[in-house]
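Here are my notes on this one, jotted down while going through the model. Have a look at the structure first, then read on.

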Amino acid sequence: MYFLELGGEDDAFARCESRQAATGVRPLAPGLALANAISPDRLRGLAYTHRASSLLGHTDASLESARALLETAPLEREGSIAVRATDVHGSSGISPTRVERELGSVLVERGFSVDLEDPDHVLRATFSMGELDGRDEQGDLFEAADDESSGGESVSVCALGWLAAESVRDFGSRAPTDKPFFQPGSMDPLLARAVVNIAGAGPGRTVLDPMCGTGGVLVEAGLVGADVLGTDAQAKMVAGARTNLRHFLDDSSPSPTGASRGDWHVARGDGTRLPVADSSVDSVVFDAPYGRQSKIETHRLEDLVAGALAEACRVADRAVVVADRSWAGAARDAGWELEAAFERRVHRSLTRYVLVLSALS
(Lines give C-alpha, C1' and ligand atoms only; values in the text may rest on other atoms or scores of the structure.)
Protein backbone atom coordinates (compact mmCIF):
# COMPACT_ATOMS: atom_id res chain seq x y z
CA MET A 1 0.00 0.00 0.00
CA TYR A 2 1.17 3.53 -0.80
CA PHE A 3 0.09 7.07 -0.11
CA LEU A 4 0.32 9.76 -2.76
CA GLU A 5 1.02 13.44 -2.09
CA LEU A 6 -1.03 15.38 -4.61
CA GLY A 7 -0.50 18.90 -5.91
CA GLY A 8 -2.76 21.58 -7.29
CA GLU A 9 -6.22 22.79 -6.40
CA ASP A 10 -8.28 19.84 -7.66
CA ASP A 11 -7.62 16.49 -6.01
CA ALA A 12 -10.04 14.69 -8.34
CA PHE A 13 -8.04 15.84 -11.36
CA ALA A 14 -4.77 14.84 -9.70
CA ARG A 15 -6.16 11.39 -8.87
CA CYS A 16 -7.30 10.95 -12.46
CA GLU A 17 -3.76 11.61 -13.69
CA SER A 18 -2.19 9.46 -10.97
CA ARG A 19 -4.07 6.39 -12.23
CA GLN A 20 -1.60 6.27 -15.10
CA ALA A 21 1.13 5.41 -12.57
CA ALA A 22 -0.78 3.73 -9.74
CA THR A 23 -3.58 1.21 -9.20
CA GLY A 24 -6.46 1.33 -6.77
CA VAL A 25 -6.25 5.09 -6.27
CA ARG A 26 -8.82 6.53 -3.83
CA PRO A 27 -8.99 9.67 -1.67
CA LEU A 28 -7.57 9.73 1.85
CA ALA A 29 -7.61 13.42 2.83
CA PRO A 30 -7.21 16.79 1.10
CA GLY A 31 -4.00 16.52 -0.93
CA LEU A 32 -3.59 12.80 -0.14
CA ALA A 33 -4.64 9.55 -1.79
CA LEU A 34 -4.06 5.86 -1.24
CA ALA A 35 -2.90 3.43 -3.94
CA ASN A 36 -2.47 -0.33 -4.02
CA ALA A 37 0.65 -0.27 -6.21
CA ILE A 38 2.77 2.21 -8.18
CA SER A 39 5.07 2.31 -11.19
CA PRO A 40 8.01 4.46 -10.03
CA ASP A 41 9.13 5.17 -13.61
CA ARG A 42 5.66 6.40 -14.60
CA LEU A 43 5.27 8.39 -11.40
CA ARG A 44 8.42 10.38 -12.20
CA GLY A 45 6.55 11.90 -15.14
CA LEU A 46 3.36 12.95 -13.32
CA ALA A 47 2.43 16.61 -13.04
CA TYR A 48 0.01 16.66 -10.09
CA THR A 49 1.40 13.87 -7.90
CA HIS A 50 4.58 14.96 -6.17
CA ARG A 51 5.53 11.82 -4.24
CA ALA A 52 4.55 8.25 -3.43
CA SER A 53 5.52 6.57 -0.16
CA SER A 54 5.21 2.99 1.05
CA LEU A 55 2.58 3.30 3.76
CA LEU A 56 3.49 2.52 7.38
CA GLY A 57 0.06 3.60 8.51
CA HIS A 58 -2.18 6.60 9.00
CA THR A 59 -3.75 8.17 12.06
CA ASP A 60 -5.23 11.52 13.06
CA ALA A 61 -3.32 14.72 12.30
CA SER A 62 -1.55 15.23 15.61
CA LEU A 63 2.08 14.86 16.56
CA GLU A 64 1.18 12.63 19.50
CA SER A 65 -0.69 10.19 17.27
CA ALA A 66 2.07 10.22 14.66
CA ARG A 67 4.65 9.46 17.32
CA ALA A 68 2.58 6.61 18.75
CA LEU A 69 2.11 5.13 15.28
CA LEU A 70 5.83 5.25 14.53
CA GLU A 71 6.78 3.76 17.91
CA THR A 72 4.70 0.64 17.21
CA ALA A 73 4.99 0.26 13.42
CA PRO A 74 7.15 -2.58 12.04
CA LEU A 75 10.30 -1.08 10.46
CA GLU A 76 11.76 -3.75 8.22
CA ARG A 77 14.80 -1.85 6.99
CA GLU A 78 18.23 -0.72 8.16
CA GLY A 79 20.58 2.20 7.58
CA SER A 80 20.44 5.95 7.88
CA ILE A 81 17.26 8.00 7.78
CA ALA A 82 15.90 11.49 7.40
CA VAL A 83 12.40 12.64 8.28
CA ARG A 84 10.55 15.07 6.01
CA ALA A 85 7.23 16.49 7.18
CA THR A 86 4.54 18.45 5.31
CA ASP A 87 1.40 20.22 6.46
CA VAL A 88 -0.93 20.18 3.43
CA HIS A 89 -2.09 23.74 2.72
CA GLY A 90 -1.17 24.61 6.33
CA SER A 91 -4.41 22.88 7.33
CA SER A 92 -3.33 21.14 10.55
CA GLY A 93 -1.16 23.85 12.11
CA ILE A 94 1.59 21.27 12.74
CA SER A 95 5.18 22.51 12.82
CA PRO A 96 7.06 20.40 10.23
CA THR A 97 10.37 21.16 11.96
CA ARG A 98 9.10 19.85 15.29
CA VAL A 99 7.62 16.77 13.63
CA GLU A 100 10.92 15.99 11.92
CA ARG A 101 12.84 16.37 15.18
CA GLU A 102 10.51 14.25 17.31
CA LEU A 103 9.92 11.48 14.78
CA GLY A 104 13.64 11.43 14.07
CA SER A 105 14.30 10.83 17.75
CA VAL A 106 11.88 7.88 17.69
CA LEU A 107 13.79 6.35 14.80
CA VAL A 108 17.12 6.87 16.56
CA GLU A 109 15.71 5.10 19.61
CA ARG A 110 14.77 2.24 17.27
CA GLY A 111 18.33 1.86 16.01
CA PHE A 112 18.57 4.13 12.97
CA SER A 113 21.25 6.75 12.38
CA VAL A 114 20.39 10.21 11.05
CA ASP A 115 21.80 11.49 7.75
CA LEU A 116 20.09 14.63 6.52
CA GLU A 117 22.22 14.95 3.38
CA ASP A 118 22.23 11.47 1.84
CA PRO A 119 20.05 9.09 3.86
CA ASP A 120 19.38 5.49 2.92
CA HIS A 121 15.68 6.04 3.65
CA VAL A 122 13.38 9.06 3.90
CA LEU A 123 10.35 8.92 6.16
CA ARG A 124 7.51 11.10 4.89
CA ALA A 125 5.08 12.46 7.50
CA THR A 126 2.19 14.28 5.85
CA PHE A 127 -0.58 16.00 7.81
CA SER A 128 -3.93 17.09 6.36
CA MET A 129 -7.24 18.33 7.71
CA GLY A 130 -10.40 19.41 5.91
CA GLU A 131 -13.27 18.11 3.83
CA LEU A 132 -12.60 14.93 1.90
CA ASP A 133 -13.04 15.27 -1.85
CA GLY A 134 -14.79 12.00 -2.56
CA ARG A 135 -16.34 12.81 -5.95
CA ASP A 136 -17.12 9.51 -7.64
CA GLU A 137 -14.23 7.28 -6.69
CA GLN A 138 -15.05 5.07 -9.67
CA GLY A 139 -13.54 7.63 -12.03
CA ASP A 140 -14.33 11.12 -10.73
CA LEU A 141 -16.96 11.53 -13.46
CA PHE A 142 -18.93 14.69 -12.98
CA GLU A 143 -20.32 17.49 -15.03
CA ALA A 144 -18.68 20.49 -13.40
CA ALA A 145 -21.49 22.84 -14.40
CA ASP A 146 -24.00 20.62 -12.61
CA ASP A 147 -21.88 19.93 -9.55
CA GLU A 148 -23.54 21.65 -6.60
CA SER A 149 -22.11 19.52 -3.83
CA SER A 150 -20.86 21.44 -0.81
CA GLY A 151 -18.09 19.01 0.10
CA GLY A 152 -17.52 15.69 1.80
CA GLU A 153 -16.86 14.45 5.32
CA SER A 154 -14.41 16.27 7.56
CA VAL A 155 -11.18 14.32 8.08
CA SER A 156 -7.97 14.65 10.09
CA VAL A 157 -5.10 12.49 8.81
CA CYS A 158 -1.40 11.95 9.33
CA ALA A 159 0.14 9.48 6.86
CA LEU A 160 3.57 7.97 7.53
CA GLY A 161 5.60 6.10 4.94
CA TRP A 162 8.97 5.49 3.32
CA LEU A 163 9.54 7.61 0.24
CA ALA A 164 9.36 5.37 -2.84
CA ALA A 165 9.23 7.74 -5.82
CA GLU A 166 9.12 11.45 -6.66
CA SER A 167 7.99 13.29 -9.76
CA VAL A 168 10.50 15.41 -11.67
CA ARG A 169 9.62 19.07 -11.11
CA ASP A 170 11.28 20.61 -14.18
CA PHE A 171 8.23 22.30 -15.71
CA GLY A 172 9.55 25.82 -15.08
CA SER A 173 12.33 25.16 -17.58
CA ARG A 174 9.70 24.86 -20.34
CA ALA A 175 7.55 27.91 -19.65
CA PRO A 176 5.79 28.93 -22.89
CA THR A 177 7.61 32.26 -23.03
CA ASP A 178 11.00 30.53 -22.69
CA LYS A 179 10.56 28.14 -25.61
CA PRO A 180 12.26 28.87 -28.93
CA PHE A 181 8.83 29.55 -30.48
CA PHE A 182 6.10 31.26 -28.45
CA GLN A 183 2.57 32.42 -29.12
CA PRO A 184 0.14 33.90 -26.54
CA GLY A 185 -2.41 31.44 -25.22
CA SER A 186 -0.06 28.46 -25.19
CA MET A 187 -0.87 25.82 -22.57
CA ASP A 188 1.50 25.72 -19.62
CA PRO A 189 3.65 22.57 -19.43
CA LEU A 190 2.19 21.43 -16.10
CA LEU A 191 -1.34 21.09 -17.50
CA ALA A 192 -0.01 19.77 -20.82
CA ARG A 193 1.88 17.01 -19.00
CA ALA A 194 -1.20 16.10 -16.97
CA VAL A 195 -3.50 15.77 -19.98
CA VAL A 196 -1.05 13.66 -21.99
CA ASN A 197 -0.61 11.40 -18.97
CA ILE A 198 -4.38 11.03 -18.65
CA ALA A 199 -4.42 10.17 -22.36
CA GLY A 200 -1.97 7.34 -21.67
CA ALA A 201 1.22 8.80 -23.17
CA GLY A 202 4.34 6.73 -22.53
CA PRO A 203 6.92 4.47 -24.17
CA GLY A 204 5.47 2.42 -27.01
CA ARG A 205 2.46 4.73 -27.38
CA THR A 206 1.59 7.23 -30.13
CA VAL A 207 -0.17 10.52 -29.35
CA LEU A 208 -1.73 12.78 -32.00
CA ASP A 209 -2.53 16.48 -31.60
CA PRO A 210 -4.59 17.67 -34.62
CA MET A 211 -4.40 21.35 -33.55
CA CYS A 212 -0.88 21.33 -32.21
CA GLY A 213 -0.15 25.07 -32.20
CA THR A 214 3.30 25.64 -30.71
CA GLY A 215 3.67 21.93 -29.95
CA GLY A 216 3.52 22.16 -26.16
CA VAL A 217 1.30 19.09 -25.75
CA LEU A 218 3.52 17.09 -28.09
CA VAL A 219 6.67 18.13 -26.21
CA GLU A 220 5.27 16.83 -22.91
CA ALA A 221 4.09 13.57 -24.47
CA GLY A 222 7.49 13.07 -26.10
CA LEU A 223 9.32 13.69 -22.84
CA VAL A 224 7.49 10.78 -21.18
CA GLY A 225 8.49 8.52 -24.06
CA ALA A 226 5.56 8.64 -26.49
CA ASP A 227 5.96 9.05 -30.25
CA VAL A 228 4.02 12.14 -31.29
CA LEU A 229 2.22 13.36 -34.41
CA GLY A 230 0.91 16.87 -34.93
CA THR A 231 -1.01 18.86 -37.50
CA ASP A 232 -2.01 22.51 -37.64
CA ALA A 233 -3.84 24.61 -40.20
CA GLN A 234 -1.33 27.45 -40.06
CA ALA A 235 2.08 27.17 -41.70
CA LYS A 236 3.50 29.51 -39.06
CA MET A 237 2.42 27.16 -36.26
CA VAL A 238 3.74 24.10 -38.05
CA ALA A 239 7.16 25.73 -38.42
CA GLY A 240 7.13 26.89 -34.79
CA ALA A 241 6.06 23.49 -33.45
CA ARG A 242 8.87 21.85 -35.39
CA THR A 243 11.33 24.30 -33.84
CA ASN A 244 10.11 23.49 -30.31
CA LEU A 245 10.01 19.73 -30.86
CA ARG A 246 13.47 19.76 -32.38
CA HIS A 247 14.74 21.69 -29.35
CA PHE A 248 13.25 19.36 -26.72
CA LEU A 249 13.08 15.95 -28.39
CA ASP A 250 16.02 15.78 -30.80
CA ASP A 251 18.41 14.66 -28.10
CA SER A 252 19.82 11.17 -27.68
CA SER A 253 20.03 11.51 -23.89
CA PRO A 254 17.08 10.39 -21.73
CA SER A 255 14.53 13.03 -20.82
CA PRO A 256 14.47 14.37 -17.24
CA THR A 257 11.90 11.68 -16.39
CA GLY A 258 14.40 8.99 -17.44
CA ALA A 259 12.40 7.93 -20.51
CA SER A 260 13.80 7.88 -24.02
CA ARG A 261 12.49 10.90 -25.92
CA GLY A 262 9.80 10.03 -28.45
CA ASP A 263 10.02 10.42 -32.20
CA TRP A 264 7.97 13.23 -33.75
CA HIS A 265 6.41 14.42 -36.97
CA VAL A 266 4.44 17.62 -37.65
CA ALA A 267 2.67 18.61 -40.87
CA ARG A 268 0.21 21.21 -42.05
CA GLY A 269 -3.32 19.86 -42.13
CA ASP A 270 -6.99 20.24 -41.31
CA GLY A 271 -7.99 18.65 -38.01
CA THR A 272 -11.35 17.65 -39.49
CA ARG A 273 -9.70 15.65 -42.30
CA LEU A 274 -6.64 13.93 -40.90
CA PRO A 275 -4.23 12.12 -43.23
CA VAL A 276 -4.10 9.24 -40.74
CA ALA A 277 -5.42 5.69 -41.07
CA ASP A 278 -8.28 4.36 -38.95
CA SER A 279 -7.29 3.21 -35.44
CA SER A 280 -3.64 4.04 -36.11
CA VAL A 281 -2.81 6.02 -32.96
CA ASP A 282 -3.29 5.28 -29.27
CA SER A 283 -4.77 8.60 -28.20
CA VAL A 284 -5.65 12.08 -29.39
CA VAL A 285 -5.11 15.22 -27.31
CA PHE A 286 -5.97 18.74 -28.41
CA ASP A 287 -6.51 22.22 -27.04
CA ALA A 288 -9.55 23.48 -28.93
CA PRO A 289 -9.50 27.06 -30.29
CA TYR A 290 -10.96 29.60 -27.91
CA GLY A 291 -13.66 31.58 -29.72
CA ARG A 292 -11.92 34.15 -31.91
CA GLN A 293 -8.73 32.06 -32.05
CA SER A 294 -10.11 29.81 -34.81
CA LYS A 295 -8.07 30.58 -37.94
CA ILE A 296 -9.58 28.03 -40.33
CA GLU A 297 -11.74 30.29 -42.46
CA THR A 298 -13.67 27.38 -43.98
CA HIS A 299 -15.06 26.24 -40.60
CA ARG A 300 -17.21 27.70 -37.88
CA LEU A 301 -15.73 26.93 -34.46
CA GLU A 302 -18.54 24.49 -33.70
CA ASP A 303 -17.96 22.63 -36.97
CA LEU A 304 -14.21 22.60 -36.43
CA VAL A 305 -14.45 21.03 -32.97
CA ALA A 306 -17.18 18.59 -34.01
CA GLY A 307 -15.15 17.52 -37.03
CA ALA A 308 -11.97 17.11 -34.98
CA LEU A 309 -13.84 15.00 -32.42
CA ALA A 310 -15.23 12.78 -35.16
CA GLU A 311 -11.78 12.33 -36.73
CA ALA A 312 -10.26 11.61 -33.32
CA CYS A 313 -12.84 8.86 -32.80
CA ARG A 314 -11.90 7.38 -36.19
CA VAL A 315 -8.16 7.18 -35.47
CA ALA A 316 -8.05 6.40 -31.72
CA ASP A 317 -10.13 4.94 -28.91
CA ARG A 318 -9.09 7.51 -26.28
CA ALA A 319 -8.97 11.31 -26.30
CA VAL A 320 -8.51 14.25 -23.96
CA VAL A 321 -9.87 17.62 -25.07
CA VAL A 322 -9.09 20.96 -23.44
CA ALA A 323 -11.27 23.99 -24.25
CA ASP A 324 -12.77 27.19 -22.88
CA ARG A 325 -16.19 25.54 -22.71
CA SER A 326 -17.59 22.05 -22.35
CA TRP A 327 -17.92 20.25 -25.68
CA ALA A 328 -19.50 17.21 -24.00
CA GLY A 329 -22.53 17.21 -26.29
CA ALA A 330 -20.41 17.39 -29.43
CA ALA A 331 -18.19 14.61 -28.08
CA ARG A 332 -21.17 12.31 -27.55
CA ASP A 333 -22.49 13.11 -31.02
CA ALA A 334 -19.08 12.16 -32.45
CA GLY A 335 -19.23 8.70 -30.84
CA TRP A 336 -17.37 9.28 -27.58
CA GLU A 337 -18.31 8.26 -24.07
CA LEU A 338 -17.59 10.90 -21.42
CA GLU A 339 -15.30 9.23 -18.89
CA ALA A 340 -14.56 12.31 -16.77
CA ALA A 341 -14.83 16.10 -16.93
CA PHE A 342 -12.97 18.79 -15.01
CA GLU A 343 -12.80 22.56 -14.72
CA ARG A 344 -9.35 24.14 -14.46
CA ARG A 345 -9.45 27.85 -13.56
CA VAL A 346 -6.50 29.61 -15.22
CA HIS A 347 -7.30 33.19 -14.23
CA ARG A 348 -10.34 35.39 -13.70
CA SER A 349 -11.30 35.50 -17.38
CA LEU A 350 -10.33 31.96 -18.42
CA THR A 351 -11.47 28.55 -17.23
CA ARG A 352 -10.27 25.50 -19.10
CA TYR A 353 -12.53 22.47 -19.37
CA VAL A 354 -10.90 19.06 -19.65
CA LEU A 355 -12.90 16.20 -21.14
CA VAL A 356 -11.61 12.62 -20.87
CA LEU A 357 -13.17 10.52 -23.61
CA SER A 358 -13.24 6.82 -24.48
CA ALA A 359 -14.70 5.24 -27.59
CA LEU A 360 -18.08 3.61 -27.24
CA SER A 361 -17.76 -0.18 -27.32
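**Notes on helix H4 and the cores**

1. Let's begin with what H4 leans on. Its buried residues pack against helix H3 (63-72) and three strands: S7 (80-87), S9 (121-131) and S10 (154-166). Keep in mind that this is a predicted model.

2. Which residues of H4 are buried? They are Val99, Glu102, Leu103, Gly104, Val106 and Leu107. Note that Glu102 and Gly104 are on that list along with the valines and leucines.

3. The helix length checks out. H4 has 14 residues, so at 1.5 Å a residue it should span 20 Å, and its end C-alpha atoms are indeed 20 Å apart. Just after H4, glycine 111 takes a positive phi of about 100°.

4. Valine 108 also sits in H4, which covers residues 96-109. Its relative accessibility is 43%, and because buried means under 20% and exposed over 50%, valine 108 counts as partly exposed. Together with Val114 and Leu116, Val108 forms a nonpolar surface patch, and the three share about 260 Å² of accessible area.

5. Now for the interior. The largest nonpolar core has 53 residues, and Leu4, Phe13, Val195 and Phe342 touch the most other members. Helix H5 (residues 189-198) gives the most to this core, namely 6 residues.

6. As for valine 195, leaving aside residues up to four places away in sequence, its contacts are Phe13, Met187, Val285, Val320, Val322 and Val354. There is also a second, separate core of 29 residues, with Ala308, Leu309, Ala323 and Ala331 among them.

Note on methods. Residues are numbered from 1 along each chain as its sequence is written. This is a predicted model: local features need pLDDT of at least 70, side-chain atom pairs count only at pLDDT 80 or more; totals for chains, interfaces and linings use all residues. Side-chain values use heavy atoms; hydrogens and water are left out. Patches are made of residues with over 30% relative accessible area and no salt bridge: like charges are joined within 9 Å, nonpolar side chains (Val, Leu, Ile, Met, Phe, Trp, Tyr) within 5 Å. Accessible areas come from the Shrake-Rupley method with a 1.4 Å probe; for residues, only the protein chains shown count as cover. A salt bridge is a side-chain nitrogen of Lys or Arg within 4 Å of a carboxyl oxygen of Asp or Glu. Helices (H or I, at least four residues) and strands (E, at least two) are DSSP runs, numbered from the N terminus. Buried means under 20% relative accessible area, exposed over 50%, partly exposed in between (1.4 Å probe, protein chains only). A nonpolar core is a set of buried Ala, Val, Leu, Ile, Met, Phe, Trp, Tyr and Cys residues joined through side-chain atoms within 4.5 Å. Contact means heavy atoms within 4.5 Å. The expected span of a helix is 1.5 Å times one less than its number of residues.
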